[in-house]
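Work through these short exercises with the model open in front of you. Try each task before reading its solution.

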Amino acid sequence: MTRFSGLFGCVFAALALAGAAQGGLAVGITEDAGKSTDGGASFFATMADVGLTVNRVSVSWDPTRPDEIPGQAEIESWLPQAQTAGVRIMFAVSPARARDLTSSPSAPAQFADFLQRVARTFPQVKDFVIGNEPNQPKFWQPQFDSAGRPLSAAAYEPVLAKAYDALKAVDPTINVIGVGLSPRGNDNPYARDNISRSPIRFLHELGAAYRASGRTKPLMDELAYHPYPSSSKDALSKGYVWPNAGVTNLDRIKQAVWDAFHGTAQTPFAETGVKRFGKPLMFELDEVGWQVAIPAGLASFYFGTENTPVTDEATQALIYSDLIKTLECDPSVRSLNLFHLMDEADLGRWQSGLVRADGSHRPSYDAVKQTIAQTKGTCQDVETAWVHTTKVVLPFAAWGSRRAFPRSRKQWSFLAGAGEEAMFRAGIFKAGTKKSAIARRLATGRPKPVATTVGTIKATGRVVSFRRQRLKPGRYVFAIRLAATMNPQRVTVLFGPAFRVGAKR
């Protein structure tokens, strides 16, 4: 969500300690502000005290200075401290400006060359996140063209492909981590601000661009995702409405990846009880945090004005503990990085750390430390199960009363919806028509039902209405065929009960 120019807290990627070594969830931090006068010793000692074993830091690519790795000397001085603390690095490499990768046709290749330079300079580092939130205009532009057509995913795809090939050419064991998706986007090319793409639609378009490219190699080994809450006042259990997705909606992201890439060289996420060839995709949840209010007694250590709703410190501590326990039970999540370890002093930025600006510990410091020590990265409850669906997610229809409708009624309708956006064709059929025949006629449009209507259902549902007409007396049924917009091959057909029009014979 936030990128800084400095490089702090860099660490050895080859090390795999604590939970990560045991195959469980690794808990770390995303922190670019860990530099200290002692060469990082106190910073890494703090991480070790909490039990944090991962640090994701930012590396900025500036095409005007292509041979320069920002903070190179700092990184080199910190590696011994990182090794001692046993923390692995994740380099998040992204352009310095939002149009750096789209303003020139040669930019993706130049960016790939830079990635090779970084990988050769720091061969200890094995985890590279390619870009940062390309579905957000702060980090990637343009998101849409002048006609309102989405652009960002299709433009990002060749960047990720070139990055993958370039890094694997340096070292096949490098872990190429794709996207770094923001959990939200408004999908509105004409919005007054923050013109952005939702994560589900971005993944759909990324898959379409990948298929169109004819590429026969993967794009990524893992997927980076930033499941921030919509508001820091939100409970952990509160997710997003489709097509956005938070911590509680990771199954939505898994399905989107399956829809986008199944049948290609890009492997999807592992499925419960399903054996597949190849290494499955994994999540790196490399940014997430809940901002908190600053205690009055510490106000002098901060400046500026808070610009977003915040929670209290006790609630943050409970959320962070529950967050770790929840994700430990999802085998598709490799690591969780809290954003930050230490607060930023500017209230206009982020105060979500385990450590306040004065160096004192929040309740979340001990909560995270105790949770890691108790669970050791392993699931303490029921493991999360997931299998892709070939149907529309959570379809429903409310058909209304089964009582006879008056003969004078001319408007026919019912309520329908799903847990995702879907295209639909609905019809009114004579009762007694076989369901298989109804499904076939809804799929092909031939022969026509007594009445028919088509449209799109948003994730929240809508009233499905037929044109105003008089039905002859008799018995009828409603039926609706839903097809997921993100994958029209996922289809569900719903059938209503019989209802009578006119006097009973």
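**Exercise 1.** In this predicted model, find which residues of helix 5 meet which residues of helix 6. Then describe how the two helices pack.

*Solution.*
- Step 1. Take the helix 5 side: Ser152, Ala153, Ala154, Tyr156 and Glu157.
- Step 2. Take the helix 6 side: Phe202, Glu205, Leu206, Ala209, Tyr210 and Ser213.
- Step 3. Sort the contact residues by type. They divide into 7 nonpolar, 2 polar and 2 charged.
- Step 4. Choose the right descriptors. Two packed helices are described by the angle between their axes and the distance between the axes.
- Step 5. Read the values. Helix 5 (residues 152–170) and helix 6 (residues 199–213) pack at about 55°, and their axes are 8 Å apart.
- Step 6. Classify the angle. It makes helix 5 oblique to helix 6.
- Step 7. Add the handedness. The crossing of helix 5 and helix 6 is right-handed.

**Exercise 2.** Is Thr371 buried or exposed? Find what its side chain reaches.

*Solution.*
- Step 1. Locate Thr371 in helix 9 (residues 363–375).
- Step 2. Check the relative accessible area of Thr371: 2%. Buried means under 20%, so Thr371 is buried.
- Step 3. Follow the side chain of Thr371. It reaches the backbone oxygen of Ala367 at 2.7 Å.
- Step 4. Set aside neighbours within four places in sequence. Thr371 is then in contact with Ser321, Ile324, Lys325 and Lys376.

**Exercise 3.** Which residues does Thr30 touch, not counting those up to four places away in sequence? Then look at the peptide bond from Phe339 to His340.

*Solution.*
- Step 1. Place Thr30 in strand 1 (residues 26–30).
- Step 2. Thr30 is buried, with a relative accessible area of 2%.
- Step 3. List the residues that Thr30 touches: Asn55, Arg56, Asp286, Glu287, Asn337, Leu338, Phe339 and His340.
- Step 4. Pick out Phe339 and His340 from that list. The peptide bond from Phe339 to His340 is cis, with omega near 10°.
- Step 5. Place His340. It sits in the loop between strand 8 (333–338) and helix 9.

**Exercise 4.** Asn194 has a positive phi, and so has Leu394. How does each count by accessibility: buried, partly exposed or exposed?

*Solution.*
- Step 1. Asn194 is in the loop between strand 5 (175–181) and helix 6. Its phi is near 50°.
- Step 2. At 41% relative accessibility, Asn194 counts as partly exposed.
- Step 3. Leu394 is in the loop between helix 9 and strand 9 (396–398). Its phi is about 50°.
- Step 4. Leu394 has a relative accessible area of 63%. Exposed means over 50%, so Leu394 is exposed.

Definitions and conventions: Residues are numbered from 1 along each chain as its sequence is written. This is a predicted model: local features need pLDDT of at least 70, side-chain atom pairs count only at pLDDT 80 or more; totals for chains, interfaces and linings use all residues. Side-chain values use heavy atoms; hydrogens and water are left out. Axes are lines fitted to C-alpha atoms, for helices over the stretch in contact, and angles run from 0 to 180 degrees between N-to-C directions. Helices (H or I, at least four residues) and strands (E, at least two) are DSSP runs, numbered from the N terminus. Angles under 35 degrees count as roughly parallel, over 145 as roughly antiparallel, 65 to 115 as roughly perpendicular and the rest as oblique. A crossing is left-handed if the near helix is turned anticlockwise from the far one by less than a right angle, and right-handed if clockwise. Contact means heavy atoms within 4.5 Å. Ala, Val, Leu, Ile, Met, Phe, Trp, Tyr, Cys and Pro count as nonpolar, Asp, Glu, Lys and Arg as charged, and the others, Gly among them, as polar. Buried means under 20% relative accessible area, exposed over 50%, partly exposed in between (1.4 Å probe, protein chains only). A polar contact is a pair of N or O atoms within 3.5 Å; within protein, one must be able to donate a hydrogen and the other to accept it, and residues adjacent in sequence count only if both atoms are side-chain atoms.
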